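Trainee: I would like a close look at a single part of this model. Please take me through it step by step.

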Amino acid sequence: MQVNTDSRLALFLESLSEWSNYDQRSFLFADFPFERTQDNAVSYDSLLSFWSQLIKKTTELGLLSVVSFNESSLSSRNDPPLPSVFALLPLHLNHRFMYRSTTPLGLNTVLTSMVSDGSCVPLDQFMAISPRPLQDSFSAMKLVSGVGWALKSLLITPLKWSAEQLIGSSPILWLQTNRILIIIPLVQAAAQKVSAYLEKTVCYSIDRTMDMPSFRDLCDASGAFPKPISQFDAQILLQFLKQNHMAACESVENSNQDNQFLVIKMHLANIKHNNQLNISNIDKGIVSIMATIKKLTLQIKELELKLATFQQQAQLALSKNLRGKALSMIRQRKTLEKVHTQRMASLETLEGIMLKLRNSESESDAS
């Protein structure tokens, strides 16, 4: 069990006026009434509002990630531990909000309400949600100042299950379960920011096709996340976009490296003829070319560092009259120069292909 020893969470909670006020804290830490009635509606709603907003905020700040979600089965690579800003583990959540030796008593009621109204969804159910009908998804989208999607209630409405539908007749004791909960409004807000950023920055339709590393770069550049996005959160966001026909993805075999890579295609309102999100062979080829360009660029930088090192070592050897060592450094440098020239030629060829694709798109739009 992890109690409230997280220094960042503790500091955040201590900054709240309610945390230092005894009367307010006593009210907030009390248990909920058995049911909401006309007589207790004000206090009941006040408790529910405070705790649900606090849970959302602390999750958004990455303060409630008590497990490495990157090690989830959703992750396709070994990343350094990054907190999820979409998910929380409700197990012993009351201890994470502990004040000295006192724990809040009503969190199970709060989580049950959040699950019931669709603002929280268990991870397994979230991943199993089918895409909305295409017409409903696009009718719910509106441009915000001409640059982004207002997602409105894209996913909230179909997720408004009752507690009985989700958990049967017996309520779940969320504070005793290991089920990860996804907070939908946080995913929705991030999707809006990422889509708005894409609308602003992408001029060519081919640039809306990418692999997972590029998708994560897009998320980070959008400013939607306080830290680099984790692999787990990238998968959650992509799932949300797919469910609302804002993106499509397909796993593709990489015949050269005997593995798979993910092709992601984003929907853009400011690109003509992109109502279809079907991933074509051209899209797969574009992603492969872009990945190769990144790889070649990195290799060229590494080669240039080595070339500079050999040059310095040769000059140092000559200054010490070590002609044999200097000649050895020069020979190694010449060998690397050939490799560098080959890599540069390959890079120029691939960049030329991408330039032609963009130019052909510009000519098509102009005609």
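Where is the place of Ala 128? Please start there and then connect it to the rest.

Mentor: Ala 128 has its place in helix H7. Keep in mind that this is a predicted model. Is Ala 128 buried or exposed? Its relative accessible area is 56%. Exposed means over 50%, so Ala 128 is exposed. Now look across the chain. Gln 243 is 115 residues away from Ala 128 along the sequence. In space, their C-alpha atoms are separated by 9.9 Å.

Stay with helix H7, which covers residues 123–128. The salt bridge to look at here joins Arg 179 and Asp 124. Their closest N and O atoms are 3.2 Å apart. This pair links distant parts of the chain. Asp 124 sits in H7, while Arg 179 lies in the loop between helix H9 and strand S5. The two are 55 residues apart. Asp 124 is partly exposed, with a relative accessible area of 48%. Arg 179 has 25% relative accessibility, so Arg 179 counts as partly exposed too.

How many salt bridges are there? The count comes to eight. Another one joins Lys 284 and Glu 250, at 3.0 Å from N to O. Again, the pair links distant parts of the chain. Lys 284 belongs to helix H13, residues 281–319, and Glu 250 to strand S7, residues 247–254. They are 34 residues apart. Glu 250 is partly exposed, at 31%.

Strand S7 covers residues 247–254, and Cys 249 is partly exposed at 26% relative accessibility. Cys 219, by contrast, is buried at 0%. How many disulfides does a search of the whole structure find? It finds zero.

A further salt bridge leads to helix H4. Arg 36 pairs with Asp 45, with the closest N and O atoms 2.6 Å apart. Arg 36 is partly exposed at 47%, and Asp 45 is partly exposed at 31%. H4 runs over residues 41–60. Check its length. It has 20 residues, and at 1.5 Å a residue they should span 28 Å. The end C-alpha atoms are 28 Å apart, so the two values agree. Many side chains here are buried, among them Tyr 44, Leu 47, Phe 50, Trp 51 and Ile 55. Lys 56 is buried as well. Just after H4, Gly 62 takes a positive phi of about 75 degrees.

Try the same check on helix H10, residues 184–201. Its 18 residues should span 26 Å, and the end C-alpha atoms are 26 Å apart, which agrees. Its buried residues include Ile 184, Leu 186, Val 187, Ala 190 and Leu 198. Gln 188 and Glu 199 are also buried.

Last, look for empty space. Rolling a probe the size of a water molecule over the atoms shows where it is left. One cavity of 30 Å³ or more is counted. The largest cavity has a volume of about 50 Å³. Which residues line it? Pro 83, Val 85, Phe 225, Pro 226, Lys 227, Pro 228, Ile 229, Ser 230 and Asp 233 do. By class, that lining has six nonpolar, one polar and two charged residues.

Note on methods
Residues are numbered from 1 along each chain as its sequence is written. This is a predicted model: local features need pLDDT of at least 70, side-chain atom pairs count only at pLDDT 80 or more; totals for chains, interfaces and linings use all residues. Side-chain values use heavy atoms; hydrogens and water are left out. A disulfide is a pair of cysteine sulfur atoms within 2.5 Å. Buried means under 20% relative accessible area, exposed over 50%, partly exposed in between (1.4 Å probe, protein chains only). On a 1 Å grid over the protein atoms alone, a cavity is a set of points where a 1.4 Å probe fits but cannot get out, and a pocket is an open set with protein on both sides within 12 Å along at least five of seven lines; lining residues have an atom within 4 Å of a point. Grid points are joined across faces, edges and corners, and a volume is the space filled by probe spheres set on the points. Ala, Val, Leu, Ile, Met, Phe, Trp, Tyr, Cys and Pro count as nonpolar, Asp, Glu, Lys and Arg as charged, and the others, Gly among them, as polar. Helices (H or I, at least four residues) and strands (E, at least two) are DSSP runs, numbered from the N terminus. The expected span of a helix is 1.5 Å times one less than its number of residues. A salt bridge is a side-chain nitrogen of Lys or Arg within 4 Å of a carboxyl oxygen of Asp or Glu.
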